[in-house]
Amino acid sequence: MRAALHLAILLLLPPLLPGIVNRVKAAFAGRRGPPVLQLYFDLWKLVRKGAVYSTATTWIFRAGPVVTVAALLVAGLLLPFGGGLPGPAAFAGDVVLFAYLLGAGRFATVLAALDTGSSFEGMGASREVTFAALAEPALFLSIAGLALARGTLSWTTMLSGQMPAWHSFGPAFAMLIGALFLVALAENSRIPFDDPNTHLELTMVHEVMVLDHSGPDFAFILYGASIKLFLLGAIVVRLALPFAASIPAHVALFLAGMIVFAVIVGVVESTFARLRMNRIPQILVAAGVFAALAMAVILIRVNG
Amino acid sequence: MTNVALDIALILALLLGVTSLGTSRIGAAIRYFWMQAAAVAMVPLLIETRSGGLSVHAWVLFAATMVLKVWGVPYFLNRSVREASVRTEVEPLIGFGVSLMLGAGLVGLSFALARQLPLPQRPASDLLIPVAFSLLMIGLLLIVSRSKAVTQVVGYLVMENGIFLFGLLLIDVFPYLIELGVLLDLFVAVFVMGIVIFHINRAFDHIDSHQLDTLKD
């Protein structure tokens, strides 16, 4: 029952987040904005269309979006949603698999981009992996800090029950949330790291790689991007709301938290300017430093 | 039971110290310094709140730090920045990203070091000594890795904040000594550095200390 609910949330709700983000951004700009369900309409439109393939591409290009979405869905199976819905496929050590599934998804997208043979897409791929390589230490240091605090290596046990967060690890958890939020923004190519709406050649990062995908392939790309935002958001939300409650209350709390997360992302996108390209690594290093400091504090509390 | 407010003040001081390693603007570095000083100024009050009543000494330390470090020193530094018209640290010896990473390493080292240290009495918070060490090291790193005299002064002041935190360890035993040390030390340091900066500026029209290495007669 809980596994079914988990699966339903994982499959159906992610496209809602970009809708909320866009509504918030529109509100900041004084517009009404597209419907919250816009991404569902877009996906439905795209899957009914045919796909166009360049003669330069091979099966790698066609496999890219599918592998990305598959990797992200499996990663979603490892992650608990809130405190009430444990990951259906959770096992000890799944945090490492989770991080590498995100990496595998990105790898497939990058390969597909390179497979087109376009130098422009190659440039985007190069930028994407550069920033991802810097975001990964921050993610792993955050995971290590959490693992130390909870004494476990599984997302489900790490994020379930009454978390010891706010009394003994308070500032450390605040820093972890900050670091993971930055990682979530960077991994999902949101402002201030990358603008998902821009199509200016000089500054595009993630969007460059998916220019050649069309129809159902592009639908998979968009769907995968929304799942990624949802998964990283789910970790941040659970850390920010470390309460223990009954299962329905947990689910309600989690969904409300995700909506607030999307609103915060929207507010960040509306109020921050995009960073200059050479400033991005610095901010990602700062996120890693945040996570490292949090780990140091947790280490002292756990052993001392 | 740990004191959450004390933890937050200490971590804030540490974060602001690390952040000041990553900024290229001298004005921002000064701002990070006075915010850090404000966080550090809260610490004696928070330590005393934890152990019961607030003594006069804690208030004196708090007020003196606020007036000197949060208002006085930044005012003075900002003036010398304005007079020398140097706004950014153009060529640091160690890049900003690298100094951030080095800073994180030094903080880790401080946390490891602090656990080895035999202390006369249990500190008010298990973060007090690590953070004090970290600020010392971050300050030193700022001093050795930056080329502008003002940023080096900021590095010294960050170090001074660390020494202040270290001194708080003994606040119950020697309150007067700590007060005296804190105030005198800072006063002399800023005085001397102010004179030095002013004279570099007057004599050479800039405050890049590396130009001093290449003096010829």
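Begin by selecting helix α12(A), which supplies the largest share of the lining of the second largest cavity, 3 residues. Bear in mind from the outset that the model on your screen is a predicted one.

**The second largest cavity**

With α12 (247-271) still highlighted, add α11 (215-240) of chain A, since each of these two helices supplies at least two residues of the lining of the second largest cavity. To display the whole wall, select A:G82, A:G83, A:V237, A:R238, A:L241, A:H250, A:L253 and A:F254, the residues that line this second largest cavity. The space they enclose comes to about 50 Å³, and if you colour its lining by class you should find 4 nonpolar, 3 polar and 1 charged residues.

**Along α12 to a salt bridge**

Stay on chain A and select A:E269 together with A:K25, which form a salt bridge whose closest N and O atoms are 2.7 Å apart. The two partners belong to distant parts of the chain, with A:E269 in helix α12 and A:K25 in helix α2 (residues 16-28), 244 residues apart. As a general point, side chains of opposite charge can pair when their charged atoms come close. Over all chains, a search of the whole structure finds 5 salt bridges.

**The largest cavity**

Next, select A:E128, A:F131, A:A132, A:A186 and A:E187, which, among the 13 residues that line the largest cavity, lie nearest its centre. Which elements of chain A should be shown as the surroundings of this cavity, if each is to give two or more residues to the lining? They are α6 (119-150), α9 (170-187) and α13 (280-303) of chain A, and of the elements in the lining α6(A) gives the most, with 4 residues. The volume of this cavity is about 120 Å³, and its lining, sorted by class, holds 8 nonpolar, 1 polar and 4 charged residues. For the structure as a whole, the search finds 4 cavities of 30 Å³ or more.

**The loop after α9**

Follow the chain out of α9 and centre the view on A:S189, which is placed in the loop between α9 and α10 of chain A. This residue has a positive phi of about 50°, although it is not a glycine. Then move to the peptide bond that joins A:I191 and A:P192, which is cis, with an omega of about 10°; A:P192 is likewise found in the loop between α9 and α10 (206-209) of chain A.

**The face between chains A and B**

Finally, display both chains and select the residues in contact, 17 from chain A and 22 from chain B. The size of an interface is often given as the accessible area lost when the parts come together. Between chain A and chain B the buried area is about 1,700 Å², of which carbon and sulfur atoms give 76%. Within chain A, highlight A:L293, A:I300 and A:R301, which lose the most area to chain B and together account for 33% of what that side buries.

How many salt bridges and residue pairs in polar contact should you look for across this interface? The rule finds 0 salt bridges between chain A and chain B, while the count of residue pairs in polar contact, with both residues at pLDDT 80 or more, is 1. To see what carries the side of chain A that touches chain B, select α8 (165-168), α9 and α13 of chain A, the elements that give two or more residues to it. The most comes from α13(A), with 11 residues. By class, the residues on this side of chain A divide into 11 nonpolar, 4 polar and 2 charged.

Methods:
Residues numbered from 1 in each chain as written. Chains lettered and ligands numbered in written order. Predicted model: local features only at pLDDT ≥ 70, side-chain atom pairs only at ≥ 80, totals over all residues. Heavy atoms only, no water. 1 Å grid on protein atoms, 1.4 Å probe; cavity = no way out; pocket = protein on both sides within 12 Å on 5 of 7 lines; lining within 4 Å. Points joined across faces, edges and corners; volume = space filled by probe spheres on them. Nonpolar A, V, L, I, M, F, W, Y, C, P; charged D, E, K, R; others polar. Contact = heavy atoms within 4.5 Å. Buried area = accessible area lost by both parts, 1.4 Å probe. Salt bridge = Lys/Arg side-chain N within 4 Å of Asp/Glu carboxyl O. Polar contact = N/O pair within 3.5 Å; in protein donor to acceptor, adjacent residues only side chain to side chain.
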